[in-house]
Amino acid sequence: MDGSVLEASPLSATRNRPLRIIVNPTAGQARGARLKRSLDRLTAAGTQWDIVETQARGDAEAQARALAEAGEVGAIIAAGGDGTINEAINGVMAAQRHGAPVPPFGLLPLGTANVLAGELGIDTPETAAAALLSGQTRKIALGLCETPDGARRYFSMMAGVGFDAHVVAGIDPALKRRFGKGAYVWQTLREWLALQPARYTLGDGRDASSLILANGHFYAGRFTVAPEADLDDPALIAARFTKGGRLATALYAAALPFGLLPHLPSVKRERITHVSVNGPAGEPVQADGDTIATLPVTFTLAPERLTIFAAPRARA
């Protein structure tokens with residue numbers, strides 16, 4: 001697969017120009033300590049960096065796009081959780097889509113799940129900093145979610161319609177900041193108790209109780225829904241959940257942490273590059289752990305690829 005080979009990034013540009021690190025200044029003490037560990041490593045290696053702070057939702061996207069279009073930085077780095085990273089990716093890709101020669105993109109993971117960072121092998125402050133210093137990049141595939149009004153959102157790891165989208169939409173940000181993954185466990189229970197089964201229709205006429213589009217191996221941390229999904233593969237893996245209701249949902253939730261979900265006969269998986277999804281009006285759509293739209297939507301493989309710093313891939 002053409003994206004699997006790591007490339008040498010033009011680090012001469014990175015050495016001559018500072019890294020721009022987009023970070024939320026309201027991050028808690030633990031996140032601040034993790035960020036400091038990464039920054040200390042960059043400083044010790046003689047790398048220049050500047051912090052660009054966000055103030056509100058959407059700032060990371062706007063700042064990443066502005067930095068990419070300006071073309072004056074060695075690399076754009078998102079320091080935060082999956083939501084901040086997704087925003088920054090959307091900013092970079094918007095600039096790239098409009099012809100800007102954007103610099104490489106990187107991560108300093110500080111969030112609850114850090115799914116993309118885990119996929120890239122850079123889920124600690126030390127490995128993330130080492131990836132930036134190595135100058136090695138990959139060109140990874142991205143998913144794209146589009147709505148009938150022309151709105152579009154890129155996603156790096158996953159998108160979902162149905163139960164998981166309701167969990168994401170209902171999560172309390174304050175609980176998430178305080179309890180991390182525990183907030184998702186609590187919200188999953190709440191959504192299960194309040195579950196009103198719905199059916200979602202795919203463009204070819206098939207239906208599902210939930211649908212997950214996987215672009216990478218990991219889901220919601222280090223769980224797997226589609227073990228064959230790969231950031232280098234020019235396709236998404238659609239996991240279609242055919243059974244609905246509380247009993248089936250409880251079975252899916254119980255199977256997930258044990259790696260059994262992909263083996264359930266009611267979970268159908270296939271490689272796709274395009275699928276439209278419809279369902280009850282106002283139903284949420286999640287991507288990379290944030291609500292990004294409501295139905296109907298169309299999921300496709302994005303025509304562009306993202307150049308991103310990553311750890312060397314293990315060879316068999």
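Guide: Before we start, one handy term: a residue is buried if its relative accessible area is under 20%, exposed if over 50%, and partly exposed in between, using a 1.4 Å probe and protein chains only. You're looking at a predicted model, where local features need pLDDT of at least 70, side-chain atom pairs count only at pLDDT 80 or more, and totals for chains, interfaces and linings use all residues. Residues are numbered from 1 along each chain as its sequence is written, and side-chain values use heavy atoms, with hydrogens and water left out.

Visitor: Let's start with Phe241 and Tyr252: are they buried or exposed?

Guide: The cut-off I just gave settles that one. Phe241 falls on the same side of it as Tyr252. Both residues are buried.

Visitor: How many aromatic pairs does the count come to?

Guide: The rule takes rings of Phe, Tyr and Trp (its six-membered ring) whose centres lie within 6.5 Å; planes under 30 degrees apart are stacked, over 60 edge-to-face, and the rest tilted. Applied here, that rule gives a count of 2.

Visitor: What kind of pair do the rings of Phe155 and Phe299 make?

Guide: Start with the centres, which lie 6.2 Å apart. The planes meet at 85°, so this pair is edge-to-face.

Visitor: How many residues apart are Phe155 and Phe299?

Guide: Helices (H or I, at least four residues) and strands (E, at least two) are DSSP runs, numbered from the N terminus. Phe155 belongs to strand β8 (residues 152-155), while Phe299 belongs to strand β18 (residues 297-301). The pair links distant parts of the chain, with a separation of 144 residues.

Visitor: What relative accessibility does Phe155 have?

Guide: Phe155 counts as buried, and its partner Phe299 is buried too, with a relative accessible area of 0%. For Phe155, the relative accessibility is 0%.

Visitor: Why is the pair of Phe241 and Tyr252 given its label?

Guide: The two ring centres are 4.9 Å apart. Because their planes stand at 75°, the pair is called edge-to-face.

Visitor: Which helix holds Tyr252?

Guide: Phe241 is in strand β13 (residues 236-241), and the two residues are 11 apart along the chain. Tyr252 sits in a helix covering residues 245-255, namely α10.

Visitor: Where is Leu251, and is it buried or partly exposed?

Guide: Leu251 also has its place in helix α10. Its C-alpha atom is separated by 8.7 Å from that of Leu261, 10 residues along the chain. At 45% relative accessibility, Leu251 counts as partly exposed.

Visitor: How far apart are the axes of helix α3 and helix α4?

Guide: Axes are lines fitted to C-alpha atoms, for helices over the stretch in contact, and angles run from 0 to 180 degrees between N-to-C directions. Helix α3 (residues 59-70) and helix α4 (residues 82-97) pack at an angle of about 35°. The distance between their axes is 7 Å.

Visitor: Which residues of α4 make the contact?

Guide: Contact means heavy atoms within 4.5 Å. From α3 come Asp59, Ala60, Glu61, Ala64, Arg65, Ala68 and Glu69. On the α4 side, the residues are Thr84, Glu87, Ala88, Asn90, Gly91, Val92, Ala94 and Ala95.

Visitor: Which residues does Asn24 contact, leaving aside neighbours within four places in sequence?

Guide: Asn24 lies in the loop between β2 (19-23) and α2 (29-44). At 29% relative accessibility, it counts as partly exposed. Its contacts are with Thr54 and Ala79.

Visitor: What relative accessible area does Thr54 have?

Guide: Thr54 is found in the loop between β3 (49-53) and α3. Not counting residues up to four places away in sequence, it touches several residues, among them Ile22, Val23, Asn24 and Pro25. Thr54 is buried, with a relative accessible area of 8%.

Visitor: Which residue is joined to Leu295 by a cis peptide bond?

Guide: Omega for that bond is about 5°. The partner lies in the loop between β17 (290-294) and β18. It's Pro296.

Visitor: What is the phi of Asn114?

Guide: Most residues other than glycine have a negative phi. Asn114 is buried, with a relative accessible area of 5%, in the loop between β5 (105-109) and α5 (115-120). Its phi is positive, near 55°.

Visitor: And what about the phi of Asp288?

Guide: Asp288 is in the loop between β16 (284-287) and β17, and at 5% relative accessibility it counts as buried. Although not a glycine, Asp288 has a positive phi of about 50°.
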